[in-house]
Every structure is written in structure tokens, then in C-alpha cells.
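Student: I have a structure to go through with you. Can we take its terms one by one and test each against its rule?

Tutor: Yes. Here it is.

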Amino acid sequence: MRLLDAIDRKPLDRPPIWFMRQAGRYLPEYQALRSEYSFSEAVHNPAVAAEITLQPVRRFGLDAAIVFADIMTPLEALGIPIEFTPGPTLDPLPLEAIVELPDLDPESVSGVAETVAAVREALDPNVAVIGFAGAPFTLLVYLLEGGGSKTFAVARAELRRRPDLAEQALGRLAAAMQTYLGVQIGAGANVVQLFDSWVGLLPVDQFVTLAGPAADRSLASLPAPAIYFAPHGPHLLRYLETVQADVYGVDWRLPLDEAWLQIGVDTPIQGNLDPAVLLTDPETVRAATREVLGRAGDWPGHIFNLGHGILPTTSVENVEAMVAAVKEYR
Ligand code: CP3
């Protein structure tokens, strides 16, 4: 599997390519299915979720499929009602309630396991299946705020006011996510990714003492390689080793080689084309893609990806140009 070979730092003719949010709204075939099923119905129907997972792999010939679900899906399985409008919306949960959350019963996420198994079954053996979860800090901010926010002021105030209770809450979420990732690996996921989408909000000390250790516990003793994605946080790159992962995903803010030097070039890296490039034209996309590939140079251990999720207004033609530029490399 090309993705696993890159993680093992084997020399390759070209890096593997997949991209975050590859299954979704920019794809006409996704929109067609979503006219029949709501987002939640699609996630909770393994046949539909597997089909959506496979759509971008079929269309673009990617090296990995990422399971169609959401970072909030396992929290629904813990009994928390969540709506997607389109972002997750819920009644805010205080720290006192989060520390009382039950352990995750693997049976409660058997639908996701079924999706993983169906995707693994349908895919070419060279294409990897990626399972995923939200990192404890990122989940905690959604729970405390009741959804997305510009400043996440409620969550950041709680970390300052009650760091001990926040640490316990992060620990509860870490245990649940470790179980959840284990279920996906058990069902056939070859690699897992932990999304810490909002961790870049934190100063270094809160990353090193709170968010990082909780992310680390989510990945402890998993029987498959793990990617830790911490976007919007160039200040955290030097401290990423707080989270023991096999690969670190980086956003587009720093050139790939500069980010890689900070992380350490002996550790595989994933990234980092700016998703906004895909809103331009095929020629610009090809040039920017080659720029990222050039930055990775001949170092083994690069997984080509975007620096964050693909934007919904992206054209299919530009995605094709990106994939072609990676496949033509060398
Ligand atoms: O990557 C993939 O193709 C797999 C599926 C996937 C979804 N969400 C489906 C989805 C993954 C990996 C996620 C992760 C996720 N969800 C993250 C972490 C990644 C990141 O972007 O930082 C976050 C922060 C969320 C929370 C979330 N869910 C938001 C903010 C939204 C709103 C809109 C959006 O797309 O950003 C969602 C809903 C959601 N999750 C959609 C999809 C395809 C859109 C649903 C729709 O309207 O069709």
C-alpha cells in the first residue's frame, strides 16, 4: 500500500495522495445522494456512507479513502444529541457533565465499523482505508460551546478557570476516542487520523500540558499507524512530539520543508497545498502542486494532501489537475 510505504519512509516514485474532506459537497455525485438523505441519515446508513467514501477514490484514483462520518459521530453514540446545520449544533455541555460521560460501547458505533468493512471490501488492496476521530481538545470546545465559534471564548475561559476539571474531561474524551479508533482498525482501517482542528488556538503551555497529552492518550497502543493533524498552529510544530504519532499533518501556513525541519525530517509529514489554490485554474493548481512536491524534495515520508479540508466551491477540474500533477511527478 503506497500510503503505508510512505509512512515506513520507503523510497517511492511519487508520494501517495488523498485529501481531507475528499468526500463531500464539491462532488456532484455527493450532492445527488445528499438530495435523498440528510447528512445524519447518510452517516448512519453504512451502505450510503460506504458509497460516499468510495466516490472520490473512484473519480480521481486516490491512494486512500477516508471513512464518511463526522468527528461528532462518536459523541452521538455517547448519547449526546447533535444536529448538523451544516456544522455541528448541540445544547452546550458543562465540564461537570463531560467528566461523567460513559465509556464508549463499541456496539454503539457498529454502524461506522460496518462502513469501514464495506469500504475495505470494495477497494483495491493498494488503496488504504483511513479511519478518524476528533482529538479531545477539539471535541471539548464543540461540547462546551454547543457548536462552532469565532473565538471559542467559553471553552478557553474554562481551561483557565478550571484546568483540573478540563483535564479530567479531556481524559474522558481521550478514552472514548481510543476505543473508537480501535473499533475502526478492528473493522479494517489501515491508518487512522486524529483531527485537532482548533488546537492552534492554544498557547504552547496549554498544548504541552492539556491538549497534547490528551491527544496522545487517544492514540496510545493502537495497532495501526496514526496521523496527528494540528492545523493553524505553526507555533506548535516544535512541540508536536508531545503527541506520539507516526505522521504529523500540517496546514499551508509554512512551506512544507520549513514545517518538516521544525518537526524533524525523520518523521513522516502530510500536507500541505493551500485549499484556496483549488479555487483558481488548472495551470495555477499544477504549479502550486509541483511547488509542494519540490519542497518535499527527495526526503522519504511525504504524504501529499491539502493543508486543510477542500472548500465546497472547488471545481472537479482543479482537483483533477492536482491529482495529475502528483501522479506525473518524476
Ligand atoms: O474527509 C472526509 O471526506 C471524511 C468525512 C468528514 C466529515 N467531517 C464529513 C462532513 C471528516 C473527516 C470530517 C471531520 C470534521 N468535522 C472536522 C475536522 C476536519 C476539519 O475540517 O478541521 C470538523 C471540525 C468537523 C465539524 C463539522 N462537520 C463542520 C464544521 C461541518 C460544517 C461544514 C463543513 O463541511 O465544514 C460539518 C458537517 C460535515 N461533515 C459535512 C461533511 C461532508 C457537510 C455536510 C453537508 O452539508 O453535506
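**Cavities, pockets and the ligand**

Tutor: This is a predicted model. By the rule used here, the count comes to one cavity of 30 Å³ or more.

Student: What makes the space a cavity and not a pocket?

Tutor: A 1.4 Å probe fits in a cavity but cannot get out, whereas a pocket is an open set. The largest cavity holds about 70 Å³ of space. That value can be set against the 30 Å³ limit of the count.

Student: Which residues line the largest cavity?

Tutor: The lining consists of Ala-230, Pro-231, His-232, Gly-233, Pro-234, Leu-237, Val-250, Asp-251, Leu-254 and Ala-259. Lining residues need an atom within 4 Å of a grid point.

Student: How does the lining of the largest cavity divide by class?

Tutor: Seven of its residues are nonpolar, two are polar and one is charged. Asp counts as charged, and Gly counts as polar, so Asp-251 is charged and Gly-233 is polar.

Student: What is the volume of the largest pocket?

Tutor: About 1200 Å³. It is lined by 40 residues, and the closest to its centre are Arg-21, Arg-25, Asp-70, Pro-88 and Gly-309. By class, the lining of the largest pocket has 26 nonpolar, nine polar and five charged residues.

Student: And how much space lies in the second largest pocket?

Tutor: About 180 Å³. Of its 16 lining residues, Leu-12, Trp-299, Pro-300, Gly-301 and Arg-330 are the closest to the centre. The lining of the second largest pocket divides into nine nonpolar, three polar and four charged residues.

Student: Where does the ligand sit?

Tutor: In the largest pocket.

Student: What makes "sits" the right word?

Tutor: The word requires more than half of a molecule's atoms to lie within 2 Å of the grid points. The ligand is assigned to the largest pocket, so it passes that test.

Student: Which residues come nearest to the ligand?

Tutor: Arg-21, Arg-25, Tyr-30, Ser-197 and His-308, out of 22 residues around it. The shell has 14 nonpolar, four polar and four charged residues.

Student: Why is the Arg-25 pair called a polar contact?

Tutor: A polar side-chain atom of Arg-25 lies 2.6 Å from an oxygen atom of the ligand. The cut-off is 3.5 Å between N or O atoms, so the pair qualifies.

Student: How do you know that Arg-34 and Ala-23 qualify too?

Tutor: A polar side-chain atom of Arg-34 is 2.9 Å from a ligand oxygen. For Ala-23, a polar backbone atom is 3.0 Å from a ligand oxygen. Both values are within 3.5 Å, so both pairs are polar contacts. On its own the ligand has 860 Å² of accessible area, and the protein covers 88% of it.

Student: Where are the cis peptide bonds, and what is omega?

Tutor: One joins Thr-85 and Pro-86, with omega about -10°. Pro-86 is in the loop between β2 (83-84) and β3 (88-89). Another joins Gly-271 and Asn-272, also with omega about -10°. Asn-272 belongs to strand β8 (residues 269-273).

Student: What makes Phe-152 worth listing?

Tutor: Its phi is near 50°, a positive value in a residue other than glycine. Phe-152 is placed in the loop between α8 (136-145) and α9 (153-161).

Methods. Residues numbered from 1 in each chain as written. Predicted model: local features only at pLDDT ≥ 70, side-chain atom pairs only at ≥ 80, totals over all residues. Heavy atoms only, no water. 1 Å grid on protein atoms, 1.4 Å probe; cavity = no way out; pocket = protein on both sides within 12 Å on 5 of 7 lines; lining within 4 Å. Points joined across faces, edges and corners; volume = space filled by probe spheres on them. Near = heavy atom within 4 Å. Polar contact = N/O pair within 3.5 Å; in protein donor to acceptor, adjacent residues only side chain to side chain. Areas by Shrake-Rupley, 256 points an atom, 1.4 Å probe, with all protein chains shown as cover. Helix = DSSP H or I, 4+ residues; strand = E, 2+ residues; numbered from the N terminus.
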